[in-house]
Amino acid sequence: MPKNKLYGLEIIRFFSALAILLFHYQHFSFIGQSPNNLSLIQLPFYSWLKPFYQNGGLGVQIFWGISGFIFFWKYAKVIEEKRLIAWKFFVLRFSRLYPLHLLTLLLVAGLQILYLQSHESSFVYGNTDWRHFIPQLFLASNWGGQGFSFNGPIWSISVEVLIYLFFFLVTRYLGASLFISIAVLSICLLIKYYNLTESFIVNCLLYFYAGGLTAALYNRLERSAYRNISLLISLAVTIGIPVLFNFSDNNFSKILLFCYVPFLIYAGTINISSSEKYNEVIASFGNMTYSSYLLHFPLQLLLALIYEFLNISIPLYNHLFFEIFMITILLLSYIAYRFFEKPMQSMIRG
């Protein structure tokens with residue numbers, strides 16, 4: 001498998017995670033499962049961050065596309081040639097995803113019990129009962145439309161693990177050719193076109209295999225004379241679409257987003273030449289994305305309980321509060337990756 005990192009993709013991963021953090025900042029306005037007189041335009045730095053406050057959740061689709069690229073780039077060939085067995089593949093993914101998921105699941109479950117002592121419903125996400133806890137334990141919280149529960153953001157990961165299984169089986173037994181990828185994408189697009197289902201699984205599969213096609217293009221053009229031209233086109237599209245179209249529009253075209261993501265990912269394959277020290281910094285920001293994604297809601301729930309205990313309203317419109325929250329979640333994410341995620345990965349893989 002390729003040992004090098006594509007540092008441009010690490011930067012995109014980080015800013016996609018940041019977009020989701022900004023989108024979920026409005027959780028601080030919730031009492032129970034409903035926002036309490038939220039005014040978006042009063043949120044900190046709204047004039048600058050408007051697209052993220054309104055549509056930052058689109059970062060999930062970008063994550064799915066990047067995952068598809070990485071999996072096709074790193075795993076497709078060795079799986080197709082049967083040099084990576086199913087158990088090894090499972091251990092690699094389990095060690096990366098499950099330890100922090102279990103920790104945050106238990107943390108949120110405990111904090112929601114405290115929250116329910118003084119509220120009729122849980123904070124932001126409902127369904128905090130045993131019937132939803134059991135699927136959460138198996139990373140299966142959103143396989144069948146059960147709704148968001150406990151640490152809500154995990155929903156996209158629970159969908160993605162199914163796509164990992166699909167990818168492994170298809171690649172192992174049918175291969176990872178362009179024909180197979182196009183066939184999978186075509187079936188998904190037909191399902192979407194005829195509105196056969198609104199399943200998160202189909203959406204994830206679409207972006208995952210779009211990322212896979214981008215990886216195939218990257219592999220073909222990496223040492224080609226057309227490499228620089230293809231990068232320039234991707235960079236132009238990546239910069240041009242946000243300028244020409246309004247990303248803060250709530251009706252932003254899903255088709256446009258689907259077409260945009262492959263260009264964004266390919267632009268992220270640009271060669272970033274810098275010292276090893278700076279590459280490590282970029283890699284650290286990329287590594288923090290999963291921990292920031294899973295830790296931000298438990299921190300919000302904890303702060304909601306603390307402010308309620310102090311009988312003080314959360315100052316969500318205060319710029320200083322916003323800055324402290326964002327810095328805190330980034331610091332916690334770095335600490336969690338270095339001192340929990342990484343050691344747990346090493347232990348499980350060992």
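Gln112 first: it is buried, at 1% relative accessibility. Keep in mind that this is a predicted model. Gln112 sits in helix α5. What does Gln112 touch, leaving aside its neighbours within four places in sequence? Its contacts are Ser122, Phe123, Tyr125, Thr128, Phe297 and Leu301.

Helix α5 also matters for the next item, α13. The cover over the buried residues of α13 includes α1, α2, α5 and α12. Which residues of α13 are buried? Among them are Phe321, Phe322, Phe325, Met326 and Ile329. The list also includes Ser333, Glu341 and Gln345. α13 has 31 residues. From first C-alpha to last, α13 reaches 43 Å, close to the 45 Å expected at 1.5 Å a residue. There is a bend, though: about 40°, at Tyr337. Tyr337 is itself one of the buried residues.

Just before α13 comes a loop, running from α12, and Leu310 lies in that loop. Leu310 helps make a nonpolar surface patch of about 510 Å². Its partners in the patch are Leu302, Ile306, Phe309 and Ile312.

Now salt bridges. The whole structure has four. Take Glu10 and Arg13: their closest N and O atoms are 3.1 Å apart. They are three residues apart in helix α1, so about one helical turn separates them. Buried or exposed? Glu10 is buried at 6%, and Arg13 is buried at 17%.

Next, Glu81 with Arg83, at 2.8 Å, N to O. Glu81 is partly exposed, at 43%. Arg83 is exposed, at 53%.

Then Arg223 with Glu222, at 3.4 Å. Arg223 is exposed, at 75%, while Glu222 is partly exposed, at 29%.

Definitions and conventions: Residues numbered from 1 in each chain as written. Predicted model: local features only at pLDDT ≥ 70, side-chain atom pairs only at ≥ 80, totals over all residues. Heavy atoms only, no water. Patch = residues over 30% accessible without salt bridge, like charges linked within 9 Å, V, L, I, M, F, W, Y side chains within 5 Å. Areas by Shrake-Rupley, 256 points an atom, 1.4 Å probe, with all protein chains shown as cover. Salt bridge = Lys/Arg side-chain N within 4 Å of Asp/Glu carboxyl O. Helix = DSSP H or I, 4+ residues; strand = E, 2+ residues; numbered from the N terminus. Expected span 1.5 Å × (residues − 1). Bend = angle between axes of the 7 residues up to and from the residue. Buried < 20%, exposed > 50% of the residue type's maximum accessible area, 1.4 Å probe, protein only. Contact = heavy atoms within 4.5 Å.
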